[in-house]
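Student: I should like to examine the terms applied to this model, with each value set against its definition. Please let us begin with the pairing of strands.

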Amino acid sequence: MAVIAAEKALLAEGWERDVRLHIEQGKLKRIERGAKPAPGDECHDLLLPGMPNLHSHAFQLAMSGLAEQRGPGTDTFWSWRTIMYRFALTMAPEDVEAVAAMLYVLMLEAGFTRIGEFHYLHHQPDGSPYDNPAELGERIASACGETGINLTLLPSFYAHSNFGGLTPTEGQRRFISTLDQFARLHEGCARAIAALPESVIGIAPHSLRAVTGEELQALVAAHPDGPVHIHAAEQVKEVDDCLAATGRRPVEWLLDNMPVNQRWCLIHSTHMTKDEVRGLALSGAVAGLCPITEGNLGDGIFEAEAFRSAGGHFGIGSDSNVLISIAAELRQLEYSQRLKHLQRNMIAPPGRSTGRTLFDEALAGGSRTLGKPSGLQEGANADFLSLDRSAAPWLDEDAAIDGWIFGQAIKPDCVWTRGVKRVSNGQHIAREAIAARFRKAMISLCERGY
Ligand SMILES: [Zn+2]
């Protein structure tokens, strides 16, 4: 049994001094408090639980840095999506795996220990299914196996180009399935992750644009367990189109027509009325916030304060994967509130640390919606990280988290999943080989003119 000792660790019940974590078969078998390190222990300064990343489209890491040039007209989400489709149509299975492995290295180095992969790139470039319909799901699973990140795979059902069951566009052909095809794809994905320890499978109806109400009902009925993730109310145009087609706004429609509860995660939920904010908070669903992507795509600002005041739960995701950083996601969430409301320290209750509050709530919301408990508690997966505060040793406990999220002196140092150290001194143990493969795949994609 391995033992990791820490001067201080953020346990489920709060900071504790002189902690020894006993790890057996990937789990936290026992947590000793007030115990000095024993010979043979690996010793660290501050330990925190690993953070779940509840929303990612792995292949989009390939676009990072390639979609920031202004076009001839007004640039919006919809012009970004055109570039994204070009990438989606060019990538071969080996490219998808090389990009996903690089992404998961970056996530582990950032301190994310579980990924919710909202997986919608399914078919061959011409739109026909691969011989193995879950070919690309297998690629995602192998990238997780290689890097060690925990996987919650959310195969996406995508059938239409807009509300009213409109025919998909040519650019969407690699995403599209009928319900029958999706059932086979989902079975294949379940087989693909079976050998990955601690993996979870759910479903991801893409959005109300891409799935009709009847299809959504059938899908939820066919999968009575596991997480349900759906994009909702990311863009004003999407809200307007939903109102025109159904007389309801996206979040309102979901709350009125679907059994939205703790299983559900509504990704973005950016544009909500006060009633929607209250309804979503009371439903027990998690709001899947992706603050960096939402800023990058010009989506809008989530009503964080009102949602939290109503008892709502949130987690964070990296969505388009333009930048991978727990600190940057949480900072952007807080700063968007400050800029909107012209105040400071908006998220924390009076007298409490903002960084700690953001960290705790994103951890709880992310764990709930990815289907596995996390946090440093006995019986949970041994998924955690150490912070290097050698450059700012005066920042302790909550102030160390604030220094990490709002400053630059403190960084993740080592990261473990299932008790295995995947990141040491800020670098993933297999970074070199995975980064070389990624570079090769990216150069080839650029040469092929994505
Ligand atoms: Zn997304």
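Student: Which residue of E3 stands opposite Arg 20?

Tutor: Glu 32 in E3 stands opposite Arg 20. A caution applies throughout: this is a predicted model, in which local features need pLDDT of at least 70 and side-chain atom pairs count only at pLDDT 80 or more, while totals for chains, interfaces and linings use all residues. Residues are numbered from 1 along each chain as its sequence is written, and side-chain values use heavy atoms, with hydrogens and water left out.

Student: What makes E2 and E3 a pair of strands?

Tutor: Two strands pair if DSSP finds at least two bridges between them. Strand E2 (residues 14-24) is joined to E3 by five bridges, so the criterion is met. The two strands run antiparallel. The strands themselves are DSSP runs (E, at least two residues), as helices are (H or I, at least four residues), both numbered from the N terminus.

Student: Where do E2 and E3 lie in the sheet, and why is E3 called an edge strand?

Tutor: Eight strands form an open sheet of mixed pairing, in the order E3-E2-E1-E4-E14-E15-E16-E17. Strand E3 (27-32) and strand E17 (427-428) are the edge strands, each pairing on one side only. As a general matter, strands of a sheet pair through backbone hydrogen bonds, either parallel or antiparallel.

Student: What makes Ile 23 count as buried?

Tutor: Buried means under 20% relative accessible area, exposed means over 50%, and partly exposed lies in between (1.4 Å probe, protein chains only). Ile 23 has 7% relative accessibility and therefore counts as buried. Ile 23 belongs to strand E2, and a contact means heavy atoms within 4.5 Å. Leaving aside residues up to four places away in sequence, Ile 23 touches Met 1, Ala 2, Ile 4, Leu 28, Ala 382, Phe 384 and Gly 419.

Student: What is notable about phi of Asp 18, and is Asp 18 buried or exposed?

Tutor: Asp 18 has a positive phi, near 45°, in a residue other than glycine. Asp 18 also lies in strand E2. Its relative accessible area is 14%, so Asp 18 is buried. Asn 345, likewise not a glycine, has a positive phi of about 40°, but sits in the loop between helix H11 (326-341) and helix H12 (354-370). At a relative accessible area of 38%, Asn 345 is partly exposed.

Student: How do you know that strand E15 is largely enclosed?

Tutor: Six of the seven residues of strand E15 (residues 411-417) are buried, so the rest of the structure largely encloses this strand. On one pairing, strand E14 (residues 384-388) and E15 share four antiparallel bridges, where Leu 387 has Pro 412 of E15 as its bridge partner. On another, E15 and strand E16 (residues 420-424) share three antiparallel bridges, and Val 415 is partnered by Val 423 of E16. The hairpin of E15 and E16 has two residues between the strands, and Arg 418 there takes a positive phi near 45°.

Student: Which atoms count as donors to the zinc ion?

Tutor: Donors are N, O and S atoms within 2.8 Å of the metal (3.2 Å for Na, K and Ca); water is not among the atoms, so sites may look incomplete. His 55 (NE2), His 57 (NE2), His 231 (NE2) and Asp 319 (OD) coordinate the zinc ion at 2.1 to 2.4 Å, and therefore satisfy the cut-off.

Student: Why is the site of the zinc ion called irregular?

Tutor: Four donors count as tetrahedral if all angles lie between 85 and 135 degrees; four count as square planar and six as octahedral if opposite donors are over 155 degrees apart and all others between 65 and 115; anything else is irregular. The angles among the four donor atoms here are 86 to 172°, so the tetrahedral range is not met, and the site is classed as irregular. Along the sequence the donor residues are spaced H-x1-H-x173-H-x87-D. His 55 in strand E5 (residues 51-56) and His 231 in strand E10 (residues 228-232) link distant parts of the chain, 176 residues apart. His 55 is buried at 0% relative accessible area, and His 231 is buried at 7%.

Student: How do you know that the protein is as compact as a globular protein of its length?

Tutor: The protein has 14 helices and 17 strands. Its radius of gyration is 21 Å, close to the 22 Å that the globule rule gives for 450 residues, so the description holds. The radius is taken over C-alpha atoms, and the rule is 2.2 Å times the number of residues to the power 0.38. Of the 450 residues, 58% count as buried.
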